[in-house]
Amino acid sequence: MKAVCLFLLLVVLCAPGRSWAETPKERAKALFHEGIAQYKKGRHEAALKAFQGALNLVPHPPLVLNVAQCLRKLGRPRQALVHYRLYLTAWKSTYPGKPVPYRKEVDARIRELEVAVKQQEAAPPRPAPAPVPAPAPASKPVQRPSSPPAKAATPGDRSEPVGSPGDRLSLDLD
C-alpha cells in the first residue's frame, strides 16, 4: 500500500504541464504588490527593496518610476534623479511612440531634484564631530565647598542687589 501511495505522489508531482515553481514574472508581481503596501504604510526603505527586487526580475519602466519615488522619499535626491531620467528613457525604448505616463509630474520632479542636488553640492561638508576626550584620572577626590565664596560687589556690578548679605561694600546709587 505504501508503495502505491508513493508512486501516485510521484506521478502527481512529475505530471507534465504542472509547474510548482513561481515564475520570475509572478515573483515580480508579488514583490510589486508588497512594495505598494509598504509605500502606503510609509515604509519607504522596505518598499524600495521590494521594487528593486521586482525590477531585477522583470525590467518594467513603471518599476523604475516606483524606485525613483522611494529614493526621493528617502532623501536621496541624486539617486532619485538618475531613476526618474532612467524611467523616461526606459519607457521610450520599451514603448516607442506611446506617450509617457506621468510625464509632467516626472519632469517637475526632475527639475526639483536638480535644484536639490545643486544645493547639496554647494553646501560645505559637515565637520566631523570632535572626539570626546577621556577623563583624566583623579589623584584625589575633589571636595566641593560647603557654601559658595562671598562675592565682592564692585561699582557697576548689578548682578546681585546692593546690600545683599554677600556684599562687602555697600554702594549708594542715589
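**Figure 1. Four helices contribute to the lining of the largest pocket in this predicted model.** Helices α2 (24-40), α4, α5 (77-94) and α6 each provide at least two residues of this lining. The greatest contribution is from α4, which gives five residues. The lining comprises 16 residues, and those nearest the centre of the pocket are Tyr39, Leu65, Asn66, Gln69 and Tyr102. Sorted by class, the lining residues are 11 nonpolar, two polar and three charged. The space in this largest pocket amounts to about 340 Å³.

**Figure 2. Overall arrangement of the chain as a succession of helices.** The chain contains six helices and zero strands, so that the order of elements from the N terminus reads α-α-α-α-α-α. Of the 174 residues in the chain, 22% are buried. Among contacts between residues at least 6 apart in sequence, 41% join residues at least 24 apart.

**Figure 3. Packing of helix α4 against helix α6.** Helix α4 spans residues 61-73 and helix α6 spans residues 103-122; the two pack at an angle of about 35°, and their axes lie 12 Å apart. The crossing of α4 and α6 is left-handed. On the α4 side the contact is made by Leu65, Gln69 and Arg72, and on the α6 side by Val106, Arg109, Glu112 and Leu113. By class, three residues of this contact are nonpolar, one is polar and three are charged. Leu65 and Gln69, which take part in the helix contact, are also among the residues nearest the centre of the largest pocket.

**Figure 4. Tyr102 in the loop between α5 and α6.** The phi angle of Tyr102 is near 60°, a positive value in a residue other than glycine. Tyr102 has a relative accessibility of 54% and therefore counts as exposed, the cut-off being over 50%. Tyr102 is also one of the residues nearest the centre of the largest pocket.

**Figure 5. Surroundings of Glu114 in helix α6.** Glu114 counts as partly exposed because its relative accessibility is 30%, a value in between the limits of 20% and 50%. With neighbours within four places in sequence left aside, Glu114 is in contact with Leu81 and Arg85. Glu114 and Leu81 are 33 residues apart along the chain, and their C-alpha atoms are separated by 7.2 Å.

**Figure 6. Surroundings of Val58 in the loop between α3 (44-57) and α4.** Val58 has a relative accessible area of 25% and is therefore classed as partly exposed. The C-alpha atom of Val58 is separated by 6.4 Å from that of Lys25, and these residues are 33 apart along the chain. Apart from neighbours within four places in sequence, the contacts of Val58 are with Pro24, Lys25, Ala28 and Leu63.

**Figure 7. Gln38, a buried residue of helix α2.** The relative accessible area of Gln38 is 15%; Gln38 is therefore buried, since the cut-off is under 20%. When residues up to four places away in sequence are not counted, Gln38 touches Arg43, Ala46 and Ala47.

Conventions. Residues numbered from 1 in each chain as written. Predicted model: local features only at pLDDT ≥ 70, side-chain atom pairs only at ≥ 80, totals over all residues. Heavy atoms only, no water. Axes fitted to C-alpha atoms, helices over the stretch in contact; angles between N-to-C directions. Left-handed = near helix turned anticlockwise from the far one by under 90°. Contact = heavy atoms within 4.5 Å. Nonpolar A, V, L, I, M, F, W, Y, C, P; charged D, E, K, R; others polar. 1 Å grid on protein atoms, 1.4 Å probe; cavity = no way out; pocket = protein on both sides within 12 Å on 5 of 7 lines; lining within 4 Å. Points joined across faces, edges and corners; volume = space filled by probe spheres on them. Buried < 20%, exposed > 50% of the residue type's maximum accessible area, 1.4 Å probe, protein only.
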